[in-house]
Amino acid sequence: MDRSLSLITPTGRLTLGNHLGALRRFVAAADAASSPDDCFFGLSDLHALTTPQDLAVLRATVTETATLFLAAGLDPARATLFRQSRVPAHRELAYLLECTAYTGELNRMIQFKEKGRGVPSTRVSLYTYPALMAADILLYRPSVVPVGDDQRQHVEITRDLAIRFNHAYAPVFTVPEVVTPRAGARVMDLQTPTAKMSKSAATDAGVIRLLDPPDVVRRKVARAVTDSDVGPDAVHSSSEKPGVTNLLDILAACGGSADGITTYGALKSAVTEAVVTVLEPLQKSYAQLAADPAYVDSVFADGSARAREVTASVLADATAAMGL
Ligand code: TYM
């Protein structure tokens, strides 16, 4: 099977976007796997340090995110689950890749442009983020990297760095494919449907969290910004309506159908029902797993140990190829 690899950064409580764009696709890949070496899924806790964090909140978020990986249905017999900070090769290869990346290409990264460029207190690590993310990927020689749409540019620079390294030094890395889903690749904020739904959003009203109870989901969806169109088929009458387009995308990604729906009210009810149906089993499983944090820790400790084994030879090859 083609090896899959992807990570999620514990900088906030996971959202429906994280699930539809990434986590549930990790589960699908793992379900098709025959060995835990087919799938490597991690918590990118080093990436969390690119912006200031409250340390107690960071620790709690790491635990919650790790638990959600398992609650979503990831089976440790079919996927290796690890913490980036527990696999030192990530930091080491990141430096070697910084020595192959150009400032011109890092300056073009959307995340840096939006979150930090021109601000004197921006951490250097936010600028060099793509080199660490490339290391995360290339260390495992995956063939596919399942992500949401917003990570596409980061996987593309990873491909560029791999190709450049292989030409300049030796063919150490495989060049991975980025794969995004048909529906749910870019779930938008319910209040600001021109911005992606983000776990670190300043306000919570437009963000559905994976652990939001059904009544909270209902309230957030009911208050979702739609558009001012009225008329017999307001829902389908224009494709230029970000709020409605987003709800239709969420509905499709959650297995619902918009057939026969014409009003915003009916659309919102259908979306609520579809989202709650997706979240309910995950939340049940979360409640059980959260009662056994030692089990969750042991899964990630074992996975991190396996990740250290798998990455050691790739790091050694890259180091030697660069003449060190
Ligand atoms: P992060 O933590 O921001 O997001 C984790 C995953 O969720 C996807 N995602 C979304 N998909 C659809 N709609 C949304 N609104 C939405 N928001 C987030 C993201 O695309 C991502 O797949 N830098 C990465 C983590 C990372 C990584 C890696 C990913 C570190 N190293 C190596 C892949 C390979 C990040 O911060 O994603």
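Helices and strands here are DSSP runs, numbered from the N terminus; a helix has at least four residues and a strand at least two. The model is predicted.

**Exercise 1. Place Asp37 among the helices and strands, then describe its surroundings.**

Step 1. Find the elements on either side. They are helix α1 (16-31) and strand β2 (39-43). Asp37 sits in the loop between them.

Step 2. Judge its exposure. Buried means under 20% relative accessible area, and exposed means over 50%. Asp37 has 23%, so Asp37 is partly exposed.

Step 3. List its contacts, leaving aside neighbours within four places in sequence. They are Arg3, Thr80 and Arg306.

Step 4. Compare sequence and space for Asp37 and Ala77. The two are 40 residues apart in sequence. From C-alpha to C-alpha, they are 9.4 Å apart in space.

**Exercise 2. Decide whether His47 is buried or exposed, and find its partners.**

Step 1. Locate His47. This residue belongs to helix α2, which covers residues 45-48.

Step 2. Read the relative accessibility. The value is 3%, so His47 counts as buried.

Step 3. Look beyond the neighbours within four places in sequence. His47 is in contact with Thr9, Gln84, Tyr129, Leu132, Met133 and Asp136.

**Exercise 3. Compare the exposure of Cys39 and Cys99, and count the disulfides.**

Step 1. Take Cys39. Its relative accessible area is 0%, so Cys39 is buried.

Step 2. Take Cys99. Its relative accessible area is 42%, so Cys99 is partly exposed.

Step 3. Search for disulfides. A disulfide needs two cysteine sulfur atoms within 2.5 Å. Across the whole structure, the search finds 0.

**Exercise 4. Test the protein chain against the rule for a compact globule.**

Step 1. Set the expectation. For 324 residues, a compact globule would have a radius of gyration near 20 Å.

Step 2. Check the chain. Its radius of gyration is 20 Å, which agrees.

Step 3. Add the box. Along the principal axes, the C-alpha atoms fill roughly 70 × 45 × 40 Å.

Step 4. Add burial. Of the 324 residues, 52% are buried.

Step 5. Turn to contacts between residues at least 6 apart in sequence. Of these, 76% join residues at least 24 apart.

**Exercise 5. Describe the make-up of the chain, its surface and its charges.**

Step 1. Count the elements. The chain has 12 helices and 5 strands.

Step 2. Take the accessible surface. The total is about 14,500 Å², and 53% of that belongs to carbon and sulfur atoms.

Step 3. Locate the charges. There are 32 positive and 35 negative ones, and their mean positions lie 4 Å apart.

Technical notes: Residues numbered from 1 in each chain as written. Predicted model: local features only at pLDDT ≥ 70, side-chain atom pairs only at ≥ 80, totals over all residues. Heavy atoms only, no water. Buried < 20%, exposed > 50% of the residue type's maximum accessible area, 1.4 Å probe, protein only. Rg over C-alpha atoms; globule rule 2.2 N^0.38 Å. Contact = heavy atoms within 4.5 Å. Areas by Shrake-Rupley, 256 points an atom, 1.4 Å probe, with all protein chains shown as cover. Lys, Arg positive; Asp, Glu negative; His and termini not counted. Charge placed at Lys NZ, Arg CZ, Asp CG, Glu CD.
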